[in-house]
Amino acid sequence: MRLYIAEKPSMARELAACLKNPQKANGYIKTAGGIVTWLFGHVLQMVKPDAYDPKYKIWRLADLPIVPKDWKLEVNPATVQQFQIVKFLISKADEIIHAGDPDREGQLLVDEVLDFVGNKKPVKRILLNALDETSILRANANLRDNAEFFNLKQSALARSRADWLIGMNLSRAYTLAARRKGYDGIVLPIGRVKTPTPNARFKTLSPSTSTR
């Protein structure tokens with residue numbers, strides 16, 4: 001069985017339509033050219049510091065910086081059902097077609113799932129630069145070995161881990177510094193990207209999760 005893994009449902013539907021005779025099932029689409037399933041962006045997420053060591057539940061300046069030796073992922077609670085479907089289909093596949101977006105984040109989205117489940121099946125890469133029928137059929141006729149894109153995955157992984165290190169360490173450092181100045185009960189979330197919404201900078205902090 002050939003299994004296509006798209007990074008989002010809309011991409012999966014367009015791909016399935018071009019593979020002919022699409023038949024919708026629970027979490028995937030059967031076609032004449034194989035099974036098409038999908039993710040919802042990152043179905044995996046990096047664990048929080050206390051998953052590495054329970055002592056990190058309490059915020060202490062002495063524990064910083066927190067730098068994991070072996071990085072861990074967990075299934076996003078919001079995507080557990082679809083993850084289980086994808087995992088099952090991977091176990092039944094003979095060949096897997098990576099159908100993430102043709103950029104570093106799209107590369108990581110599917111690769112991290114394949115790595116997480118310990119996939120050893122052969123993986124090809126379809127580069128979908130557009131989702132019209134002509135472009136999809138052309139890309140499907142010119143599949144490449146997914147191993148060619150290893151460095152692209154590593155680039156996205158480095159960015160993701162850097163974001164975690166900055167967010168987890170600086171958020172704690174800035175929050176603890178603010179508390180030492182008398183600003184009790186707040187969290188100062190620091191990160192590479194923050195949504196500019198009202199009150200996004202300050203959140204109530206439980207006394208049990210932070211200390212001066």
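In this predicted model, L127 touches P102, A139, R144 and F149, leaving aside residues up to four places away in sequence. L127 itself sits in the loop between β8 (123-125) and α4. One of those partners, R144, is 17 residues away along the chain, and its C-alpha atom is separated from that of L127 by 8.4 Å. Is L127 buried, exposed or partly exposed? With a relative accessible area of 24%, L127 comes out as partly exposed, because the buried class stops at under 20%. F149, another of the residues touched by L127, has a charged neighbour too: R125 lies over the face of the F149 ring, at 5.8 Å from the ring centre.

Stepping back to the whole chain, there are five helices and 11 strands. The C-alpha atoms fill a box of roughly 65 × 35 × 30 Å along the principal axes. Of the 212 residues, 40% are buried. As for contacts with a separation of 6 or more, 68% of them are between residues 24 or more positions apart.

Now to the helix packing. Two packed helices are described by the angle between their axes and the distance between the axes. For helix α3 (residues 104-116) and helix α5 (residues 150-180), the axes come within 8 Å and cross at roughly 90°. Angles from 65 to 115 degrees count as roughly perpendicular, so α3 and α5 fall into that class. On the α3 side, the contact is made by R104, E105, Q107, L108, D111 and D115. The α5 side brings in L152, K153, S155, A156, L157 and R159. Sorted by class, this α3 with α5 contact holds six charged residues, four nonpolar and two polar.

A second helix pair involves α1 (residues 9-18) and α4 (residues 133-140), whose axes come within 10 Å and cross at roughly 80°. α1 and α4 are therefore roughly perpendicular to each other as well. Here E14, L15 and C18 of α1 meet E133, I136 and L137 of α4. What is the make-up of the α1 with α4 contact by class? There are four nonpolar and two charged residues, with no polar ones.

Aromatic rings come next. A search of the whole structure turns up three aromatic pairs. In one of them, the rings of Y52 and W164 have their centres 6.1 Å apart and their planes at 80°, so the pair is edge-to-face. Y52 belongs to the loop between β5 (44-46) and β6 (73-75), while W164 is in helix α5, so this pair ties together parts that are 112 residues apart in sequence. As for accessibility, Y52 is partly exposed, at a relative accessible area of 22%, whereas W164 is buried, at 6%. F83 and F116 make another edge-to-face pair, with 5.8 Å from centre to centre and 75° between the planes. That pair also links distant parts of the chain, with F83 in helix α2 (residues 80-92) and F116 in helix α3, 33 residues apart. F83 is buried, with a relative accessible area of just 3%, while F116 counts as partly exposed at 37% relative accessibility. Ring pairs also join Y52, W71 and W164 into a cluster.

A few backbone details round things off. Where is the cis peptide bond that involves P65? It runs from L64 to P65, with omega near 0°. P65 lies in the loop between β5 and β6, the loop that also holds Y52.

Positive phi values turn up in the loop between α1 and β2 (23-24), where K20 lies. Phi of K20 is near 75°, a positive value in a residue other than glycine. K20 is partly exposed, with a relative accessible area of 44%. N21 is in the loop between α1 and β2 as well, and N21 has a positive phi of about 50° although it is not a glycine either.

Notes. Residues are numbered from 1 along each chain as its sequence is written. This is a predicted model: local features need pLDDT of at least 70, side-chain atom pairs count only at pLDDT 80 or more; totals for chains, interfaces and linings use all residues. Side-chain values use heavy atoms; hydrogens and water are left out. Axes are lines fitted to C-alpha atoms, for helices over the stretch in contact, and angles run from 0 to 180 degrees between N-to-C directions. Helices (H or I, at least four residues) and strands (E, at least two) are DSSP runs, numbered from the N terminus. Angles under 35 degrees count as roughly parallel, over 145 as roughly antiparallel, 65 to 115 as roughly perpendicular and the rest as oblique. Contact means heavy atoms within 4.5 Å. Ala, Val, Leu, Ile, Met, Phe, Trp, Tyr, Cys and Pro count as nonpolar, Asp, Glu, Lys and Arg as charged, and the others, Gly among them, as polar. Rings of Phe, Tyr and Trp (its six-membered ring) pair if their centres lie within 6.5 Å; planes under 30 degrees apart count as stacked, over 60 as edge-to-face and the rest as tilted. Buried means under 20% relative accessible area, exposed over 50%, partly exposed in between (1.4 Å probe, protein chains only). A charge sits over a ring if NZ of Lys or CZ of Arg is within 6 Å of the ring centre and within 35 degrees of the ring normal.
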